[in-house]
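Me: I'm new to reading protein structures. Could you go through this one with me, a question at a time?

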Amino acid sequence: MPVITYVEHGGKEHRITLQPGVSLMQGAVAHGVPGIDGDCGGACACATCHVFVHPDWIARLGDRNEMEASMLEFAEGVLETSRLACQIKVHVDLDGLVVHLPAAQH
């Protein structure tokens, strides 16, 4: 099963084994990763699961869809590697993925 590493803003790492098919947001919330709120429950209706994908991985995830891009407009500090964790579904090819969390979610 894929292992995903979530890195808190302060640098603390959480390495979590996730089932394929769940979103990065669902995995983070289920395992108590601080800094991923997921207020909308994964409906892509907020930006409280904003993450920065490590540049080595961004091309493997595909492009943001229109809804995700729209929701990221509400997040602070958006970068080219910004994604919403609710829109990234875990699959075996993502084993080793690293995402960094912003200082705060809004």
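Reply: Sure, what follows is a short round of questions and answers on this predicted model.

Me: Let's begin with strand E1. How many of its five residues are buried?

Reply: Look at both sides of E1: Val-3, Thr-5 and Val-7 point one way, while Ile-4 and Tyr-6 point the other way. Side chains in a regular strand alternate between the two faces of the sheet. Here both sets are buried, so E1 is largely enclosed by the rest of the structure, and the count is five of the five.

Me: And strand E2, which of its residues are on the covered face?

Reply: Sort E2, residues 13-17, by face. Glu-13, Arg-15 and Thr-17 make up the uncovered one. That leaves the covered face with His-14 and Ile-16.

Me: How do E1 and E2 fit together, and which residue in the turn has a positive phi?

Reply: The two strands pair in the antiparallel sense over five bridges, and Tyr-6 stands opposite His-14. They form a hairpin with five residues between them. In that turn, the residue with a positive phi, about 110 degrees, is Gly-11.

Me: E1 has another partner, E5. Which residue of E5 stands opposite Val-7?

Reply: E5 covers residues 98-100, and three bridges join it to E1. This pair runs parallel. Opposite Val-7 you'll find His-100.

Me: Now the largest nonpolar core. Which element gives it the largest share?

Reply: This core has 28 residues, and Tyr-6, Leu-24, Val-53, Leu-84 and Leu-97 touch the most other members. E1, H1, E3 and H3 each give two or more residues to it. The largest share is three residues, and it comes from H1.

Me: Leu-84 was on that list. Which cysteines is it in contact with, away from its sequence neighbours?

Reply: Leave aside anything within four places in sequence. Leu-84 is then in contact with Ala-47, His-50, Glu-68, Met-71 and Leu-72, plus some cysteines. Those cysteines are Cys-44, Cys-46 and Cys-49.

Me: Last one: Thr-81 is in a loop. Is it buried or exposed?

Reply: Thr-81 lies between H3 and strand E4. Not counting residues up to four places away in sequence, it touches Val-51, Phe-52, Val-53, Pro-55 and Ile-58. Its relative accessible area is 16%, and the cut-off is under 20%, so Thr-81 is buried.

Methods
Residues numbered from 1 in each chain as written. Predicted model: local features only at pLDDT ≥ 70, side-chain atom pairs only at ≥ 80, totals over all residues. Heavy atoms only, no water. Buried < 20%, exposed > 50% of the residue type's maximum accessible area, 1.4 Å probe, protein only. Helix = DSSP H or I, 4+ residues; strand = E, 2+ residues; numbered from the N terminus. Pairing = 2+ DSSP bridges. Core = buried A, V, L, I, M, F, W, Y, C linked by side-chain atoms within 4.5 Å. Contact = heavy atoms within 4.5 Å.
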